[in-house]
Amino acid sequence: MNSRTVIIGGGVVGASVAYHLAERGAGEVIILERESQQGMGSTGAATGGIRAQFETDINIQMSLYSVDFFKSIGFDCGYEPRGYLFFATTVEQFAYLTANVAKQKSLGVEGVEVLDCSDIRKLVPGMNCDDIVGGSFGANDGFINPIAVMDGFTRGALSGGAQIRLNVRVSGIECSGDKVKGLRTDDGVVECDKVVICTGAWARDLAATAGVDLPVEPMRRQIVWARAARPLPEMLPMVIDLGTGFHFRPAKGSRDEVLFAYPDPDEVRSFERTLVPEFVAKICATAASRAPFLGEAEVMLEKCRVGLYENTPDHHAILGGCDIDGLYFANGFSGHGVMHSPATGRALAEIMLDGGAKFLDVSCLSIDRFKTGKLLHETAFI
Ligand SMILES: Cc1cc2nc3c(=O)[nH]c(=O)nc-3n(C[C@H](O)[C@H](O)[C@H](O)COP(=O)(O)OP(=O)(O)OC[C@H]3O[C@@H](n4cnc5c(N)ncnc54)[C@H](O)[C@@H]3O)c2cc1C
C-alpha cells in the first residue's frame with residue numbers, strides 16, 4: 001500500500017489539513033465525513049469572527065499567520081476587517097488589555113491600540129459607557145465566512161488529489177502495537193498509516209479507541225440573531241465586554257441585524273444543540289442595558305445558531321502527534337477553529353511530513369502539555 005492518510009471529519013479543520021497535505025504531495029489523502037454534507041458540525045454554526053487580540057504568543061501568531069493567509073489565498077473567504085473592540089470595566093481589566101496590546105505589537109500585530117473611554121464613545125456612538133474604564137481596538141480583526149473557508153480548502157484539496165467520502169462514520173482506530181494500521185467504519189475497515197482526528201467536539205471518544213485521553217469537552221454555544229429596532233451605528237465593530245464575555249456584532253453587510261453571544265457560566269459539558277428561551281431572554285436584557293440601540297430588538301429565531309465549542313482545559317488547541325505512531329490531532333480550538341484553520345493545516349502538514357512545524361513553533365500546543373502540566377493561559381476567550 002502507498003502511504004495513505006485518513007482525515008476523520010470534513011469541517012473547516014479537516015478540510016484545511018487535507019488542503020495542506022495535498023499541496024505538499026503527501027500521497028493518498030482521504031477525508032471521511034459521517035454526514036451527507038460538510039459543515040454540519042461546529043463550522044456550520046460559527047459566525048466567523050477573526051482576531052489577533054489574544055493574550056498568548058501562540059494564539060496571536062496563529063491569528064497573524066491566518067489573517068495574511070485569508071488576505072492572499074486565491075478563493076473568496078469573505079474577510080472583512082471591521083475591527084474588534086474589547087472594553088474594560090475595571091482598572092485591572094484595562095491594565096490586562098494594555099499589556100496585551102504591547103505584546104501584540106511586539107509580535108507584529110498592526111492597527112491595534114489602547115483606547116480611553118472617550119475614544120470608545122466615538123467608536124460606538126450611543127453605547128452606555130458610564131462603567132467603562134478603557135479598551136483596546138484591533139482594526140484588522142473582523143469577520144470571515146466559515147463555510148466559504150471550508151469550501152475553498154475542500155476544493156483546493158480535491159484538485160490537489162485528495163478525496164472525500166461522505167456518509168462514512170468512523171467508529172474506532174485500529175493499531176498494531178503502538179502504530180496505526182487502520183480505521184473501523186460503518187463502510188468496513190479502511191487501512192491507513194496515518195490518521196488525523198479532526199472531529200471537533202466529538203474527538204474524545206475516537207481518541208479513546210486508540211487508548212489516548214484527549215481532553216476535549218463539548219459545550220453548547222448559542223448565538224442570538226436579532227433585528228434591531230433602530231439602525232446600528234455605522235461601521236459597528238465586534239464589541240466585547242471583557243468582564244463578562246458578552247459581545248455583539250452586526251450581521252455581515254447589515255445595518256439592522258445584530259448577533260449577541262456570551263460564554264454562559266450556566267452551561268455545562270453537553271452535546272445539546274437546542275436554543276434555550278431563558279438564555280435568549282437573559283442575553284437580550286444584557287444587550288438592552290448595554291446600548292439603547294440594542295433594546296427592543298426582535299429575535300429572528302430562524303437565524304439563531306446553536307453549536308458546540310470544543311473546549312480544552314486551557315482553552316488552546318491540541319495540535320500534533322502522540323505516543324501512537326501515525327496518530328495526529330487537530331482539535332480543541334475552544335471557539336477559534338475557523339480563524340486558526342490556515343495555521344493549523346500548515347502546522348499539521350509540516351509535523352506529519354517534516355517532523356515539526358517550521359513556519360511557526362506550535363510545540364506548546366502538543367498533547368504532552370497535559371502530562372507535563374505546562375498549560376497555557378488565555379483570559380480573553382469569548
Ligand atoms: C456558535 C459558534 C460560534 C463560533 N464562532 C466562531 C468564530 O467566530 N470564529 C472562529 O474561529 N471559530 C468560531 N467557532 C468555533 C469553530 O466553529 C470551531 O472551532 C471550528 O468549526 C472547528 O472546526 P472542526 O473542523 O474542527 O470541527 P467541526 O466543524 O465540528 O467538524 C467536525 C466534523 O467531524 C465529523 N465527525 C464527527 N465524528 C465523526 C466520526 N466518528 N466519523 C466521521 N466524521 C465525524 C462531523 O460530522 C463534522 O463534520 C464557533 C463555534 C460555535 C459553536
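What follows walks through a predicted model, from overall build to domains, sheet and ligand shell.

Starting with the whole chain, the secondary structure adds up to 10 helices and 20 strands. The radius of gyration comes out at 21 Å, close to the 21 Å that the globule rule gives for 382 residues, so the protein is as compact as a globular protein of that length. Along the principal axes, the C-alpha atoms fit in a box of roughly 65 × 45 × 40 Å.

The domain assignment splits the protein into domain 1 (4-45 + 146-214 + 313-372) and domain 2 (81-142 + 218-309). Taken over C-alpha atoms, the centres of domain 1 and domain 2 sit 31 Å apart. As for direct contacts, 6 residues of domain 1 meet 6 residues of domain 2. On the domain 1 side of this contact there are 2 nonpolar and 4 polar residues, with no charged ones.

Next comes the sheet. Six strands, written in the order β8-β2-β1-β12-β20-β19, make up an open sheet of 6 strands with mixed pairing. The edges belong to β8 (163-165) and β19 (318-321); each has a single partner strand, so one side of each goes without a neighbour in the sheet. From one strand to the next, the twist averages 20°. At the β19 edge, the pairing with β20 (residues 327-331) is antiparallel and runs over 4 bridges. Within this part of the sheet, G320 stands opposite F329 in β20. Helix α1 packs on the sheet, where it touches β1 (4-8), β2 (28-32), β12 (194-197) and β20. The direction of α1 makes about 170° with that of β2.

That leaves the ligand, which has 41 residues around it. The closest of them are G11, G41, G200, G307 and G337. By class, the shell holds 18 nonpolar, 16 polar and 7 charged residues. Several elements supply at least two shell residues each, namely α1 (12-23), α2 (42-45), β13 (217-227) and β18 (305-311). Of these, β18 gives the largest share, with 5 residues. Helix α1 thus turns up twice in this account, once packing on the sheet and once in the shell around the ligand. Seen at the level of domains, both domain 1 and domain 2 give residues to the shell, so the ligand lies between them.

Note on methods: Residues are numbered from 1 along each chain as its sequence is written. This is a predicted model: local features need pLDDT of at least 70, side-chain atom pairs count only at pLDDT 80 or more; totals for chains, interfaces and linings use all residues. A residue is near a molecule or strand if its C-beta atom, placed from the backbone, lies within 6 Å of it. Ala, Val, Leu, Ile, Met, Phe, Trp, Tyr, Cys and Pro count as nonpolar, Asp, Glu, Lys and Arg as charged, and the others, Gly among them, as polar. Domain bounds come from an automatic or database domain assignment. Two strands pair if DSSP finds at least two bridges between them. Axes are lines fitted to C-alpha atoms, for helices over the stretch in contact, and angles run from 0 to 180 degrees between N-to-C directions. Two residues are in contact if their C-beta atoms, placed from the backbone, lie within 7 Å. The radius of gyration is taken over C-alpha atoms; the globule rule is 2.2 Å times the number of residues to the power 0.38.
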